[in-house]
Amino acid sequence: MEDLDANPLLATYLERRGDLIRYFHARLRSEEAARDLVQDIYLRISGRPAEAIANPAAYLYRLGSNLMLDQIKQRRRAEQRDAAWRESHVTGMGGEDISETPAADDALAARQQLGRIVEVVERLPPAVREAFRLHKLNGLTHAETAAAMNISRSSVEKHIMAGLKAIVAKVGR
């Protein structure tokens, strides 16, 4: 450990550690939070080279106060961020929170059903698969799909119906 005579700030910290804990305990209303804060003070000063500070005790209290304010600001930002997320993802009803995200088992079932649909679409005949992809996935109209594939609109409609029938037969509604 560094020679305490060479670092008066560290010597003052060690001498006043108990006072610092009591001081910040009164402000934070938590013994554990106060001890953590005083430990943070130590971490800040222990790695610094010794320097002449006119009033080391005042410096330690100021450093601790600044760290405490930083923690309070961080906590408030986190609370605001959490509240914004909660507001956008949770609905309150009768004093109860109702999440708008699907239940895990529902999400899993939907993912599995989508996987089965993709498998069916991949096995469709090439012309049916292409018409289905252009219309259902790319959002083209029947006329635009017909023009893109260089086939009649009637053929596009037949291909789309064939694709939908195959999906319903293999996956269900």
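Phe-24, once its neighbours within four places in sequence are set aside, is in contact with Arg-29, Ala-34, Leu-37, Val-38, Ile-41, Tyr-61, Gly-64, Ser-65 and Met-68, where contact means heavy atoms within 4.5 Å. The model is a predicted one, in which local features need pLDDT of at least 70 and side-chain atom pairs count only at pLDDT 80 or more, while totals for chains, interfaces and linings use all residues. Residues are numbered from 1 along each chain as its sequence is written, and side-chain values use heavy atoms, with hydrogens and water left out.

Phe-24 also appears among the residues with the most contacts inside the largest nonpolar core, together with Tyr-13, Leu-20, Val-38, Ile-41, Ile-45 and Leu-60, and this core has 17 residues. A nonpolar core is here a set of buried Ala, Val, Leu, Ile, Met, Phe, Trp, Tyr and Cys residues joined through side-chain atoms within 4.5 Å; buried means under 20% relative accessible area, exposed over 50%, and partly exposed in between, with a 1.4 Å probe and protein chains only. Helix H1 (8-28), helix H2 (31-46) and helix H3 (56-89) each supply at least two residues of this core, and H1 gives the most, with six residues. Apart from this core lies another, of seven residues, including Val-121, Val-128, Phe-132 and Val-171.

The loop between H1 and H2 holds two residues that can be described individually. Arg-29, one of the contacts of Phe-24, is placed in that loop and has a positive phi of about 60° although it is not a glycine; with a relative accessible area of 74%, Arg-29 is exposed. Ser-30 is found in the same loop between H1 and H2, but Ser-30 is partly exposed, with a relative accessible area of 25%. The C-alpha atom of Ser-30 is separated by 69 Å from that of Pro-125, which is 95 residues apart from it along the chain.

Further along the chain, Gly-163 has its place in helix H7 (residues 153-171) and counts as buried, at 0% relative accessibility. Not counting residues up to four places away in sequence, Gly-163 touches Leu-124, Val-128 and Phe-132, and Val-128 and Phe-132 are among the residues of the seven-residue core. Between the C-alpha atoms of Gly-163 and Pro-8, which are 155 residues apart along the chain, the separation is 81 Å. Asn-150 lies in the loop between helix H6 (142-149) and H7, where its phi is near 60°, a positive value in a residue other than glycine; at 71% relative accessibility, Asn-150 counts as exposed.

For the protein as a whole, there are seven helices and two strands, and read along the sequence they follow the pattern α-α-α-β-β-α-α-α-α; helices (H or I, at least four residues) and strands (E, at least two) are DSSP runs, numbered from the N terminus. The radius of gyration is 33 Å, well over the 16 Å that the globule rule gives for 173 residues, so the protein is more spread out than a compact globule. That radius is taken over C-alpha atoms, and the globule rule is 2.2 Å times the number of residues to the power 0.38. Along its principal axes the C-alpha trace spans about 95 × 45 × 25 Å.

Of the 173 residues, 24% count as buried, and residues 24 or more positions apart account for 50% of the contacts with a separation of 6 or more.
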